[in-house]
Amino acid sequence: MIKKEDIKYYDYPNPRWRRKDYKLLDKECDFYIYDNETDTIKSKSKILLPFSYETLKSGINDQNMYKHVLYEINFEIAEITNYLLHFNAVDYECNVYLNDAYVGSHKGGFTSFSFDISKFIKKGNNVLKVDVHDSFSKEQLRGKQREIKDSHECWYVQTTGIYQSVYLEKCGNKYIEYAKFSGDENGNVNYEIKTTGKELLNVDICFDNETIKSFTLKDAILYKGSFKVDNAKLWSLNTPNLYDVKLTLNSSIIDYVETYFGFRSVKVNNGYIYLNNQKEFLKFILNQGYYKDQGLTLTKENILQDFNLMKEFGFNGCRIHQKVEQPLLYYLADRFGFLLWSELPSCYEYSNKMKEEINNDLFNIIDQNYNSPSIITYVIFNESWGIPQINNNEEVQSYVSLLKDKVKKYDDTRLVIANDGWFNLSNTDILSLHEYQQDANELYKCYNDKNNITNNYIVNGYGKAFANNNKYQNQPIMLTEFGGIAIQDQDGWGYGDKANNLDTLKNRMNDLFKAIYKLNYLSGFCYTQLADVEQETNGLVYENRKLKLPIDEVKSIVNGNYYKANK
């Protein structure tokens, strides 16, 4: 088990992008709710950041949708210098003011953003106002947030406003905006670095506290280039080697940032997935990232607990489902060797506005997580949500296909799935299927005929593997959702008939995994799911993370030990 003492940058609000001086604003502050009809103040109360007002932990616990809310955050500054104000996530659209001056705005509930507030800040007390607007619109990226006033099936209470950390960083009057690094299995590195002003930029590449390469970039704002590291130590599940990057803007240190990257490759070939040219079988779990009484906001302790659970259960990766997780989870996966799928939270209505929302958020999400070698796959759409016409509509198919190719061109270091579950397109990197058949014998009977699966079989009763006029191109095949077993003693629902008790749950899981391991053509699986979420009760653990089954029993099932012993 990994302990927080084992994590070097555990306390940083973003361990993947670090300046030396920061100040967290996660605390209690004034909170105003506006009336939906009159847009006048309905109530004033205190809220605990960064929990949304819909959660018990926020101190408010009101699940109604309020389209307009306002935060008033007071904080003290001891010295006047240059500061960046960071928001890790605010849902959905906000305007930001500091000391009554307009700072900037942002739209998108799953993307981080920041503002240079140097000219607005003052010594002593400062007042930060965050004016937020949200709605039930199906055209905005919602993920698993409900689009009506009541929760239903696998859609949960909405999240409005600030729900991830807010913090300040000291920077220079010119500063480093971003730095993207990627290394391949041959030691080649591509980079892109942007600053806000023309200065010398010193770049130091370090491994195991030793500087292995240094160079200086001159008089540019956007730097693009490449270099090679001889005998590069690769990043893998068993050896998660990370190379530290130290960026110094100007020799007098106008700004200084630390980040990192890893050397690794992920490819598909002849129906299988390869990590660093070695065939890799993916044993994934679906992780929705909700927590009891906290909604989408997990504390660092929650994230570490979930990460440990996933690894101890025997999984080698997880699909971050319909959300963008907090920076710590990506850092843990990078640091301790765990594979991730990054998934775009869904819209639910096909329109030009939906396309604008996706185009705006998708590439921002890719950018903010770019340096994490643990991310090996992007999922753009899930189960045709937002694109229900994809099976027959050529215009929709063309849009989704072009978007997949655009993502692949933007970042060719990862695999890309256009539509996960069914109605895949020919250009998908992985044929990903969702199957909640609860009878293991029936599952095996249906999936034992690979040709039937790729051509005629109606996956999970919803649709064929490929949309019309698309066909199998020998891609790796995975069951990227299966299981979903709930038990009788819980209210709520799961997929199919509930198990009578925990023993039945264990036996059904064991039978399903045995069937999976008998399908030799599969390149992996993703079990649904880690934890119960509100009314959805098919997790391996309850919503408060209490175990349903002992860890060693789950691990044995996940690793196929029973099947392997009797093969």
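Helices H7 and H8 run roughly parallel to each other, because an angle under 35 degrees counts as roughly parallel and theirs is about 25°, with the axes 9 Å apart. That is a good place to start in this structure, which is a predicted model.

**Helices that pack together**

Helix H8 covers residues 551–558. On the H7 side, the contact is made by Lys506, Met509, Asn510, Phe513 and Tyr517. Their partners in H8 are Glu553, Ile557 and Val558. By class, the residues of this contact divide into five nonpolar, one polar and two charged.

H7, which spans residues 502–518, also packs against helix H5, made of residues 440–447. Here the angle is about 15° and the axes lie 8 Å apart, which means that H5 is roughly parallel to H7. The crossing of these two helices is right-handed. From H5 come Ala440, Leu443 and Tyr444, and they meet Asp511, Leu512, Ala515, Ile516 and Lys518 of H7. This contact of H5 with H7 has six nonpolar and two charged residues, and no polar ones.

The two helix pairs can be set side by side:

| Helix pair | Angle | Distance between axes |
|---|---|---|
| H5 and H7 | about 15° | 8 Å |
| H7 and H8 | about 25° | 9 Å |

**The largest pocket**

Now to the open spaces. The largest pocket holds about 940 Å³ of space. Its lining is made up of 39 residues, and those nearest its centre are Ser112, Ser114, Glu177, Tyr178 and Gln368. Which elements give two or more residues to this lining? They are strand S5 (82–87), strand S9 (113–116), strand S13 (176–183), helix H2 (327–336) and helix H3 (352–368). S13 gives the most, with five residues. Sorted by class, the pocket lining has 17 nonpolar, 14 polar and eight charged residues.

**The cavities**

The structure also holds enclosed spaces: three cavities of 30 Å³ or more. The largest cavity has a volume of about 80 Å³. Following its lining along the chain, you will find Phe181, Ser182 and Gly183, then Phe261, Gly262 and Arg264. The lining continues with Tyr370, Asn371, Ser372 and Pro373, and ends with Thr413 and Arg414. Strand S13 turns up again here, giving the most to the lining of the largest cavity with three residues. The classes in this lining are four nonpolar, six polar and two charged residues.

**Backbone details to look for**

Finally, a few spots in the backbone deserve a look. Most peptide bonds are trans, and most residues other than glycine have a negative phi. Where does the model depart from the trans form? A cis peptide bond joins Asp91 and Tyr92, with omega of about 15°. Tyr92 sits in the loop between strand S6 (90–91) and strand S7 (93–98). The peptide bond from Thr528 to Gln529 is cis as well, and its omega is near 0°. You can find Gln529 in the loop between strand S30 (522–528) and H8, the helix that packs with H7.

As for phi, Asn231 has a positive value of about 55° although it is not a glycine. Asn231 is placed in the loop between strand S15 (210–228) and strand S16 (243–249).

Terms used: Residues numbered from 1 in each chain as written. Predicted model: local features only at pLDDT ≥ 70, side-chain atom pairs only at ≥ 80, totals over all residues. Heavy atoms only, no water. 1 Å grid on protein atoms, 1.4 Å probe; cavity = no way out; pocket = protein on both sides within 12 Å on 5 of 7 lines; lining within 4 Å. Points joined across faces, edges and corners; volume = space filled by probe spheres on them. Helix = DSSP H or I, 4+ residues; strand = E, 2+ residues; numbered from the N terminus. Nonpolar A, V, L, I, M, F, W, Y, C, P; charged D, E, K, R; others polar. Axes fitted to C-alpha atoms, helices over the stretch in contact; angles between N-to-C directions. Parallel < 35°, antiparallel > 145°, perpendicular 65-115°, else oblique. Left-handed = near helix turned anticlockwise from the far one by under 90°. Contact = heavy atoms within 4.5 Å.
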